[in-house]
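Student: Could we go through the enclosed spaces of this protein, and through the reasons for the words used to describe them?

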Amino acid sequence: MEGNIPPTTTGNLQDYEVASKEFAWASVDKEFDWSQGSVYNVAYEAIDRHALNWRKNKIALYSIGASGELEKYTFGELSELSSKFADGLIKLGAKGGDRIFVYLDRTSELYMAMLGIVKMGGIAGPLFSALGPEAVKDRALDSGASIIITSENLYERLLPILDDLADLRKIIIVDGKEELARNCVAFEDIMESGDPNFQTVNMAPTDPYIIQYTSGSTGKPKGVLIGHRAMTQQYITARWVLDLREEDTYWCTADPGWITGTSYGIFGPWYLGTSVVSFEGRFDARTWYEILVNYGITVWYTAPTALRMLMRAGDDLVKEFNFDKLRHICSVGEPLNAEVIYWAMRVMNKRIHDTWWQTETGAHLICNYPCMTIRPGSMGKPIPGVIAGIVDEEGNEVPPGTEGHLALRPGWPSMMLGIYRNTPRFKEYFEIPGWYISGDLAYQDDDGYFWFLGRSDDVIVTAGGRLGPFEVESALIEHSAVAEAGVIGKPDELRGEIVKAFVTLRPGFKPSEELKKDITNFVKTRLAYYAYPREIEFVESLPKTRSGKIMRRVLKAMELGQPLGDLSTLED
Ligand code: PRX
């Protein structure tokens, strides 16, 4: 099968062209209770307000444990539980504006904690449970987090770094041992101390509710701050792009450690009162199909790597299942190749809608919609209300078919408020006057569809997650055998890109398969389970600039057998 996929007529957004001409952000205001005088807070709009109407007894969350056990929570219950947690936090000494980290597997407590923090005016910092101690330390030091909510298992991982975290005052432990260390409090005790009638705090649109760490090409991860005002865009895109409705059962497979897992795994769908499914376990093709079918998922948001893994699991498996209930599929995080779209049409008769956005953008920006023809391989068109362009270094828009920076006119509601304690980095996004520069390279075709080409920097986009080479290099050189390391993203059919490390060894160490394994494990357990180099190549030296900076661009070109480009700054 080839060619474009025709539109359908059943989506929430009926006419893209008309909406693009007529839509005004202010028209979304009336969807929120704050426009009728309630408090202004994303958590209030996501949960509390539904507890005051008939949705009180509607299921908000189906939380499926790693081995399939199920917990259900109604909007009424989640509202009370998160209020208790919010009040418990205040009684523990937390204050509005505090950065409070949630370092938990995808269990129901994660949702209670995230909502509770936001309700009391805190800034929630979700940390993917695959992160190792070094990664948590970088983030906690940068943000000055005062409280971390974690589990007994993950607490063990924090032990080696606790002494370094001067700002950390309390650790809240889910299912903790009876005997807790100093500074530790049981999650249950926090809940017990909290008032279920706690009133969610009124915030300003430009107050941040979340600090979401993401990687750049230089330095350690940056704390991107998203404001309560993001609700406007998250709400309307949950309608137009995810095509969510009252009766839907929706599954977002992204972890809340990534922005997809918060903007569209927590807040977006709940503004609409949709029932959300969350699965704690890891990827497994049969299990995933079973969740889709057994829970009657109607809308599913996932990532290309997962879709490619399902494709690899074979047609026999997918054909065992009946996807009649599944109405709408979206994808995000990396390029969605045309083959995957054709596969889903063939085996499920479903369209997959690619969506493009970033941590910094807070919500969807360039997407495919049910009412629009899909051009497989294209990211689609800007959501109504947003202006995107392909620009050169001076900010001039380039003609269709020409590669350039994927750029946006600033000012969409969910745009980041800033980078925590790093204004220079924030300003870099706006260096080309009049535009926000995304860091992606792309082109636009004659009909206005956007096509992704790659990153303009060294950021690695692997299995749906963004990874900074500097982070991996820093972890590598802490290994006793490693003298220097240069890290690149190497194209990979399944994962989009994999991490490849070029390593020079310290005197006395010899290259061996064993040493590779040891280095791999070192990165995996210290930095993150997904961040380790799947390929390590031992080299005599690394290409560097005269000022000593490793030239990853040259490493990448060498790896891909491409021209090396301008080498005038190379050391020798
Ligand atoms: O390079 C683009 C890639 O992921 C980057 C953003 O990563 P992150 O901040 O982790 O957010 C991911 C989920 C919102 C982008 O700069 N990316 C994201 N979506 C797509 C994509 N690349 C190609 N196609 C996409 N649909």
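**Cavities and their linings**

Tutor: A search of the whole structure finds four cavities of 30 Å³ or more. This is a predicted model, in which local features need pLDDT of at least 70 and side-chain atom pairs count only at pLDDT 80 or more, while totals for chains, interfaces and linings use all residues. Residues are numbered from 1 along each chain as its sequence is written, and side-chain values use heavy atoms, with hydrogens and water left out.

Student: Why is a space called a cavity?

Tutor: On a 1 Å grid over the protein atoms alone, a cavity is a set of points where a 1.4 Å probe fits but cannot get out. The largest cavity holds about 90 Å³ and the second largest about 70 Å³, a volume being the space filled by probe spheres set on the points, which are joined across faces, edges and corners.

Student: What makes a residue part of the lining of the largest cavity?

Tutor: Lining residues have an atom within 4 Å of a point; for the largest cavity they include Pro126, Phe128, Arg139, Trp258 and Tyr530. Strand E4 (123-127) and strand E8 (208-214) each supply at least two lining residues there, strands being DSSP runs of E with at least two residues, and helices runs of H or I with at least four, numbered from the N terminus.

Student: Which helix gives the most to the lining of the second largest cavity?

Tutor: H15 does, with three residues.

Student: How many residues of that second lining are charged?

Tutor: Six are charged, beside three nonpolar and one polar; Asp, Glu, Lys and Arg count as charged, so Glu134, Asp138 and Lys220, among the lining residues, belong to that class.

Terms used
On a 1 Å grid over the protein atoms alone, a cavity is a set of points where a 1.4 Å probe fits but cannot get out, and a pocket is an open set with protein on both sides within 12 Å along at least five of seven lines; lining residues have an atom within 4 Å of a point.
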